[in-house]
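Please open the structure in your viewer and keep the selection panel at hand. We will go from stop to stop, selecting a few residues each time.

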Amino acid sequence: MTATLTNIYAPYLMNVDEIIEEAPGIRTLKLMFQDEEAGKSFAFKAGQFGLYSVFGAGECTFCIASGATRKGYIECSFQKVGRVTNALRDVELGDTVGFRGPYGNHFPLDEKVKGHNVVFIGMGIGLAPVRSVIWTCLDERDQYEDVTIIYGARSAELMVYKRELAEWAKMPGVKFVKTVDPGGNPPGWDGEVGFVPTIVEKAAPSPKDAFAILCGPPIGIKFTLPVLLKLGFDPERIYTTLENRMKCGIGKCGRCNVGGKYVCKEGPVFTAAELKALPAEY
Amino acid sequence: MATIITAGNLTRLAGELMKAGCRVIAPAKLDGMVVFKAITDEHEMLPEGEYILPHSSFKEFVFPRTECILRYRLGEQGKVSYEATNLDAEPAQAAIGCRPCDAASLPILDKVFGWDYRDEFYFKRREKLTVVSIACSRAGERCYCTSVGCAPDSKAGSDILLKKTAGDKYVVEALSDKGRQLAEKHASLFEKAEGEPPVEVVDLKPAFDVEKIKPWLDTHFEDPLWLDMAARCMGCGTCAYGCPTCHCFDIVDEGDLRGGCRLKNWDTCAAVLFTKHGSGHNPRTSQEQRYRQRVMHKFKYYLEKFGLRACVGCGRCSNRCPVGQDLYAVLKTIAERAAK
Amino acid sequence: MYLKRDEVLKRGKVGLVVKGCDARAVTGLIQESQVARERLVLIGMACDGVGEPLLDMCKHCDVHTPAGPGADAHRLACDYVSGKATVADAKPEDEGWLDDVRKIEALMPPERWAFWQEKLSRCIRCYACRQVCPLCYCKRCLVEKNEPQWISSSAHEAGNFAWNIIRAMHLAGRCIGCGACERACPQDIPLTLLNKKMAESVARHFKYRAGYDPTAAPAVKAFDKADENDFFR
Ligand SMILES: Cc1cc2nc3c(=O)[nH]c(=O)nc-3n(C[C@H](O)[C@H](O)[C@H](O)COP(=O)(O)OP(=O)(O)OC[C@H]3O[C@@H](n4cnc5c(N)ncnc54)[C@H](O)[C@@H]3O)c2cc1C
Ligand code: SF4
Ligand code: SF4
Ligand code: SF4
Ligand code: SF4
Ligand code: SF4
Ligand code: FES
């Protein structure tokens with residue numbers, strides 16, 4: 001293995017083990033460590049992210065979308081937007097890609113959420129980090145109280161993890177709500193129709209003894225946060241993630257800060273209370 | 001008893017070091033400019049009286065403008081291998097004749113490159129660097145080290161500090177093990193003098209009270225002053241690239257179908273693309289926001305995080321800005337506002 | 001260079017004080033449809049030249065006094081003009097502005113290469129040259145395009161040659177010779193040499209000088225069947 005301890009920019013080499021077409025423009029890659037030892041010792045916590053690279057194109061940042069309880073591999077889901085994500089789209093089974101991480105903080109499942117109710121809210125591809133927590137939580141289902149999952153996308157076609165959504169819906173003790181933006185509902189749609197904030201208000205998960213975990217595009221978060229607060233959620237118990245542009249992921253390159261916080265190190269997970277204290281530069 | 005080195009022996013020291021395989025970084029002429037250069041002849045080193053502050057800082061020698069962090073090879077069927085850059089073979093280096101402000105930038109850079117994850121690219125070069133600085137007996141128009149808590153004879157970051165005394169000689173103060181080792185190794189170049197020879201250090205009065213800056217920044221993230229102060233900034237990288245303490249970088253891959261390099265390149269918060277998301281969303285859309293980041297980062301965020309300001313008051317950003325954006329004036333304005 | 005900023009454009013009509021050379025820059029922007037004449041109120045100022053010592057470009061300036069209302073259509077007419085220059089405009093046959101270019105041209109190729117190698121190796125890719133240039137107005141500069149990465153963004157030799165040559169090429173027939181880029185360059189790279197060489201080539205081959213005639217089609221855009229080069233036909 002070439003990833004030496006001293007070169008903090010050296011990635012693990014990973015094999016692309018599975019490619020899943022999630023939605024137009026969105027794919028999930030399952031990556032196996034080429035070095036089995038590294039794979040065995042690799043551990044992360046839900047909410048953390050990494051830098052994925054296509055050699056020759058560069059690096060880009062995604063959260064780790066697989067559950068922290070699943071060992072030996074990691075998954076990432078990405079949307080193609082630029083140079084690296086386009087190149088990542090062209091990789092084939094068995095190709096080598098780079099990964100370094102895990103970086104950043106995480107959702108405090110073990111520290112805080114265990115033993116309480118939890119409401120997951122995902123918007124668009126923002127379901128990726130939430131999925132990691134959902135699986136981490138569902139794999140240890142007995143350690144949590146009520147679980148609610150609310151997921152919204154622009155249209156039914158654009159929903160990610162379609163097969164898993166069905167699985168979650170069927171799970172005992174899981175309240176699952178899916179929704180699409182008005183107009184995004186195909187004939188025979190069995191979910192809700194409406195923007196996520198509206199649906200959250202309608203579903204009105206109880207704030208009692210509950211934590212909320214919310215991820216999505218900045219605009220979605222902006223409009224959903226007030227709804228949660230209105231429902232009575234404690235700002236200290238609402239967790240969300242910021243996605244600032246990153247290059248190093250480890251507090252060196254200087255581009256991810258929001259005010260005095262480096263999102264790559266003190267984030268990407270923030271509580272609503274912490275967000276409020278930051279300047280609106282995200 | 002004081003230790004002394006003559007100007008002539010300082011030049012000889014550069015020569016001896018070079019002979020021993022050390023890279024000597026010294027102020028030297030380049031066209032009309034005085035720059036820090038890896039000299040090849042000790043006489044390239046300018047006499048201390050001929051410059052106040054070299055044009056750019058010596059940070060290039062610990063944090064190059066571009067450097068390869070790993071070399072990759074693209075193999076058959078999508079297989080890739082790579083070799084991480086190893087800097088163990090880098091030569092020892094000595095910066096001779098730099099100023100205390102430049103030296104003081106090193107402990108500042110140590111913080112960001114060392115917190116939690118240790119950036120070996122910086123530290124390997126840093127550890128191999130011995131800093132011999134000369135206290136300033138003159139100051140430039142935009143020298144304001146004393147205003148930001150630094151000084152013309154401050155010791156931070158120097159391994160040896162020289163202070164000018166009569167007869168083209170310098171009083172030597174070895175400040176670290178590295179400095180003492182260097183002085184011992186080249187002991188024949190140093191001499192002893194009776195008592196404490198008087199030294200010449202410029203008396204530079206602070207122009208504003210730096211303690212007032214952070215409290216003002218704490219409460220004025222939004223303020224019309226930013227627009228007034230920063231509208232002229234046009235977002236180049238001149239201030240950041242010349243600054244001894246700026247440390248932002250980009251990571252890019254460059255190569256062909258067979259392989260290439262992953263590079264770490266200087267970058268700057270003044271650039272539009274610096275923070276732009278893949279989605280097109282940009283947290284800092286205007287130049288005022290970007291300039292505010294510069295000031296906030298140096299005088300608030302860095303201080304909060306690492307206990308040091310990310311500015312040594314060298315004045316390079318003011319001197320080099322193509323449109324005359326003057327950090328000194330900005331800070332002075334802020335300090336005055338804060339005093340009201 | 002501030003003229004193209006969103007912050008400025010938002011504010012409607014802009015009053016601008018221009019010297020003769022600045023008027024040439026504005027002419028260029030009008031020619032390239034970057035700004036509409038109607039949006040500007042131009043106040044021309046006569047200028048005997050600036051800089052101490054006098055800038056080289058000012059010594060060879062032929063627009064000391066900007067054209068005022070009623071000037072012929074082939075000069076940009078300011079709304080007001082203040083003063084009259086006391087020095088005479090340079091004559092068209094004055095080739096003094098090319099002296100330094102000729103000096104470099106006279107070097108043997110290896111020396112010339114070494115000259116540029118030394119100069120361009122200094123470039124730190126701060127892009128101050130681009131940022132101050134009145135005619136560099138692209139929202140996304142070629143060097144910032146990464147699909148594909150046309151120009152390496154790294155400050156190594158190959159990257160710097162690519163950047164500096166392409167910058168000069170993109171300004172061929174457009175650069176009005178204001179010298180702002182060279183003055184802005186923190187590394188003292190003689191960018192004007194490149195620009196002048198381009199200007200001279202364009203003048204020789206296309207009989208075109210940038211920033212004089214707001215009605216003329218810019219050299220890089222013009223297409224003429226009578227062109228002496230056959231690749232256009
Ligand atoms: C903590 C964190 C977690 C994240 N998790 C995920 C995730 O799970 N899934 C996911 O999909 N994304 C995620 N992102 C976002 C993801 O990092 C970016 O989408 C990705 O880095 C884009 O990389 P790129 O190289 O493809 O884009 P780049 O090519 O680097 O593009 C970046 C910039 O260049 C611009 N650009 C690029 N090419 C062009 C062009 N030709 N013309 C004009 N402009 C152009 C873009 O607008 C953008 O400003 C996450 C980000 C963070 C910080
Ligand atoms: S302050 Fe000056 S040097 Fe710095 S980015 Fe702005 S224009 Fe460039
Ligand atoms: S901010 Fe300006 S004065 Fe301060 S260290 Fe940097 S270049 Fe020098
Ligand atoms: S001032 Fe800007 S470029 Fe310099 S270190 Fe801070 S964020 Fe980076
Ligand atoms: S001289 Fe430089 S700044 Fe002026 S127009 Fe030409 S290229 Fe642009
Ligand atoms: S201003 Fe000078 S150093 Fe900066 S990018 Fe242009 S040529 Fe290079
Ligand atoms: S991503 Fe580099 S500092 Fe945060």
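## Stop 1: a sheet in chain B

Start with chain B, where 4 strands make an open sheet in the order β5-β4-β12-β11, with antiparallel pairing. Select β5 (80–84) and β11 (249–255) of chain B: these are the edge strands, each with a single partner, so one side of each has no neighbour in the sheet. Look along the sheet and you will find neighbouring strands turned by 25° against each other on average, direction ignored. Please keep in mind throughout that this is a predicted model.

Now add strand β4 (residues 66–74) of chain B to the selection. β4(B) and β5(B) pair in the antiparallel sense over 5 bridges. To see one of the pairings, pick Arg73(B), whose bridge partner in β5(B) is Ser81(B).

## Stop 2: a loop residue in chain B

Next, select Asp119(B), found in the loop between α2 (100–114) and α3 (120–127) of chain B. Is Asp119(B) buried or exposed? Its relative accessibility is 0%, so Asp119(B) counts as buried.

Show the side chain of Asp119(B) as sticks and look for two partners. One is in another chain: the side chains of Asp119(B) and Tyr9(A) are joined by a polar contact of 2.5 Å. The other is the backbone nitrogen of Phe121(B), which the side chain of Asp119(B) reaches at 2.9 Å.

## Stop 3: a sheet in chain A

Follow Tyr9(A) across to chain A and colour the strands there. An open sheet of 6 strands runs in the order β4-β3-β6-β1-β2-β5 (chain A), and the pairing is antiparallel. At the edges stand β4 and β5 of chain A; each has a single partner strand, so one side of each is left without a neighbour in the sheet. From one strand to the next, the twist averages 40°.

Within this sheet, select strand β1 (residues 12–23) and strand β2 (residues 26–33) of chain A, which pair in the antiparallel sense over 8 bridges. Label Val16(A) and you will find it opposite Leu31(A) in β2(A).

## Stop 4: ligand 1

Now centre the view on ligand 1. Why is this site shared between chains? Residues from chains A, B and C surround ligand 1, so more than one chain takes part in the site. Of the 25 residues around ligand 1, Thr61(A), Ser77(A), Gln79(A), Arg83(A) and Thr85(A) come nearest.

Colour the shell by element of secondary structure. In chain A, β4 (58–63), β5 (73–79) and α2 (83–89) each supply at least two of its residues, and β4(A) gives the largest share, 4 residues. Colour by residue class instead, and the shell divides into 10 nonpolar, 9 polar and 6 charged residues.

Some distances to display here:

- An oxygen atom of ligand 1 lies 2.4 Å from an N or O atom in the side chain of Thr85(A).
- An oxygen atom of ligand 1 lies 2.9 Å from a polar backbone atom of Val84(A).
- A nitrogen atom of ligand 1 lies 3.1 Å from an N or O atom in the side chain of Arg140(C).

Switch on a surface to finish this stop: the protein covers 83% of the 970 Å² of accessible area that ligand 1 has on its own.

## Stop 5: a covered helix

Last, select helix α4 (residues 127–138) of chain A. How many of the residues of α4(A) are buried? The count is 12 of its 12 residues; among them are Arg131(A), Trp135(A) and Cys137(A).

Key: Residues numbered from 1 in each chain as written. Chains lettered and ligands numbered in written order. Predicted model: local features only at pLDDT ≥ 70, side-chain atom pairs only at ≥ 80, totals over all residues. Heavy atoms only, no water. Buried < 20%, exposed > 50% of the residue type's maximum accessible area, 1.4 Å probe, protein only. Near = heavy atom within 4 Å. Polar contact = N/O pair within 3.5 Å; in protein donor to acceptor, adjacent residues only side chain to side chain. Areas by Shrake-Rupley, 256 points an atom, 1.4 Å probe, with all protein chains shown as cover. Nonpolar A, V, L, I, M, F, W, Y, C, P; charged D, E, K, R; others polar. Pairing = 2+ DSSP bridges. Axes fitted to C-alpha atoms, helices over the stretch in contact; angles between N-to-C directions.
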